[in-house]
Amino acid sequence: MTQEAPGGVEAELASRQPGADRLATVCVVNLIRSAALLAAERNSRFRRFGLTGSTFTVLMILDAAPGPLSPHELGERLLVTRGTVTGLLDTLQKLGLVNRVPHPVDRRMLLIELTDAGRDLLGKAARVHFPAQTGMVSALTDDEKRTLVSLLDKLEAHLVERSRDPHRRRT
């Protein structure tokens, strides 16, 4: 259910807030709402495996990698801070799903590898998650899914570019 904005606020938004764009507000609010609903459904599904959406994603990244990854590499792929990666890895290590292993060349660094238990749990969670994920977007046709992906890619590229320009006003 796409809504204009909470409580019909957008009807007077432009007159009350200089620079406001009603349609931009609708886009942002609906993206935030949809993201929250998707995250809630994913997290409720992963909870039965002792995982979150984020820890599942870490396991998926490690499983797809040709070898162990550094925490920095994981952070870049997850688009999260080093502190967030540390917390995720601490949780996964306590569960016996990942190991921190010495880097073969740089003794100051550790690499992260998936354990057999992590690979087994990932397989069980994936068998539940991927069919459910298909159901989550089943309201869209394949053409609509392609259009959505294209539009989200375009928006993401724009937002990444804005974040990289230190001189740009945040408008």
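At 34% relative accessibility, Phe130 counts as partly exposed. That makes a handy way into this structure, which is a predicted model, so let's follow Phe130 to its partners and then look around the rest of the chain.

**A little group of rings**

How many aromatic pairs are there? The count comes to two. One of them joins Phe46 and Phe56, whose rings are stacked, with 4.3 Å from centre to centre and 20° between the planes. Phe46 belongs to helix 2 (residues 22-47) and Phe56 to helix 3 (residues 53-64), so this pair ties together parts that are ten residues apart in sequence. Both Phe46 and Phe56 are buried.

Phe56 also pairs with Phe130, and here the rings are tilted: the centres are 6.2 Å apart, and the planes make an angle of 55°. This pair links distant parts of the chain, since Phe56 sits in helix 3 and Phe130 in helix 6 (residues 116-136), 74 residues apart. Phe56 has a relative accessible area of 3%, and because buried means under 20%, Phe56 counts as buried. Put the ring pairs together and you get a cluster of Phe46, Phe56 and Phe130.

**The overall layout**

Stepping back, the protein has seven helices and two strands. Reading from the N terminus, the elements go α-α-α-α-α-β-β-α-α. The protein has 171 residues, and 25% of them count as buried. Take the contacts with a separation of 6 or more: 44% of these come from residues 24 or more positions apart.

**Two helix pairings**

Two packed helices are described by the angle between their axes and the distance between the axes. Here are two such pairings.

| Helices | Angle between axes | Distance between axes |
|---|---|---|
| Helix 2 and helix 3 | about 75° | 8 Å |
| Helix 4 and helix 5 | roughly 110° | within 9 Å |

Helix 4 is therefore roughly perpendicular to helix 5, as angles from 65 to 115 degrees count that way. Which residues make the contact between helix 4 and helix 5? On the helix 4 (71-78) side they are Pro71, Leu74, Gly75 and Leu78, and helix 5 (residues 82-94) brings Val85, Leu88 and Leu89. Sorted by type, the residues of this contact are six nonpolar, one polar and no charged.

Helix 2 and helix 3 are roughly perpendicular to each other as well. Arg42, Asn43 and Phe46 from helix 2 meet Gly53, Phe56 and Thr57 from helix 3. This contact divides into two nonpolar, three polar and one charged. Phe46 and Phe56 appear here again, having already turned up as the stacked pair.

**The nonpolar core**

What does the largest nonpolar core look like? It has 24 residues, and those touching the most other members are Leu51, Val58, Leu59, Leu62 and Leu74. Helix 3, helix 4, helix 5, strand 2 (110-114) and helix 6 each give two or more residues to this core. Helix 3 gives the most, with five residues.

Leu62 is a good one to zoom in on. Leaving out residues up to four places away in sequence, Leu62 touches Leu69, Leu74, Val98, Ile112 and Leu114. One of these partners, Leu74, also takes part in the contact of helix 4 with helix 5.

**A few single residues**

Where is Ser70? Look in the loop between helix 3 and helix 4. Ser70 counts as buried, at 6% relative accessibility. Apart from neighbours within four places in sequence, Ser70 is in contact with Met109, Leu110 and Leu111.

Is Leu79 buried or exposed? Leu79 is exposed, with a relative accessible area of 69%. Leu79 lies in the loop between helix 4 and helix 5. It is not a glycine, yet Leu79 has a positive phi of about 60°.

Last comes Arg119, which you'll find in helix 6. Its relative accessible area is 38%, so Arg119 counts as partly exposed. Not counting residues up to four places away in sequence, Arg119 touches Asp63 and Leu114. Leu114 is a partner of Leu62 too. Arg119 and Leu97 are 22 residues apart in sequence, and their C-alpha atoms are 7.5 Å apart in space.

Technical notes
Residues are numbered from 1 along each chain as its sequence is written. This is a predicted model: local features need pLDDT of at least 70, side-chain atom pairs count only at pLDDT 80 or more; totals for chains, interfaces and linings use all residues. Side-chain values use heavy atoms; hydrogens and water are left out. Rings of Phe, Tyr and Trp (its six-membered ring) pair if their centres lie within 6.5 Å; planes under 30 degrees apart count as stacked, over 60 as edge-to-face and the rest as tilted. Helices (H or I, at least four residues) and strands (E, at least two) are DSSP runs, numbered from the N terminus. Buried means under 20% relative accessible area, exposed over 50%, partly exposed in between (1.4 Å probe, protein chains only). Contact means heavy atoms within 4.5 Å. Axes are lines fitted to C-alpha atoms, for helices over the stretch in contact, and angles run from 0 to 180 degrees between N-to-C directions. Angles under 35 degrees count as roughly parallel, over 145 as roughly antiparallel, 65 to 115 as roughly perpendicular and the rest as oblique. Ala, Val, Leu, Ile, Met, Phe, Trp, Tyr, Cys and Pro count as nonpolar, Asp, Glu, Lys and Arg as charged, and the others, Gly among them, as polar. A nonpolar core is a set of buried Ala, Val, Leu, Ile, Met, Phe, Trp, Tyr and Cys residues joined through side-chain atoms within 4.5 Å.
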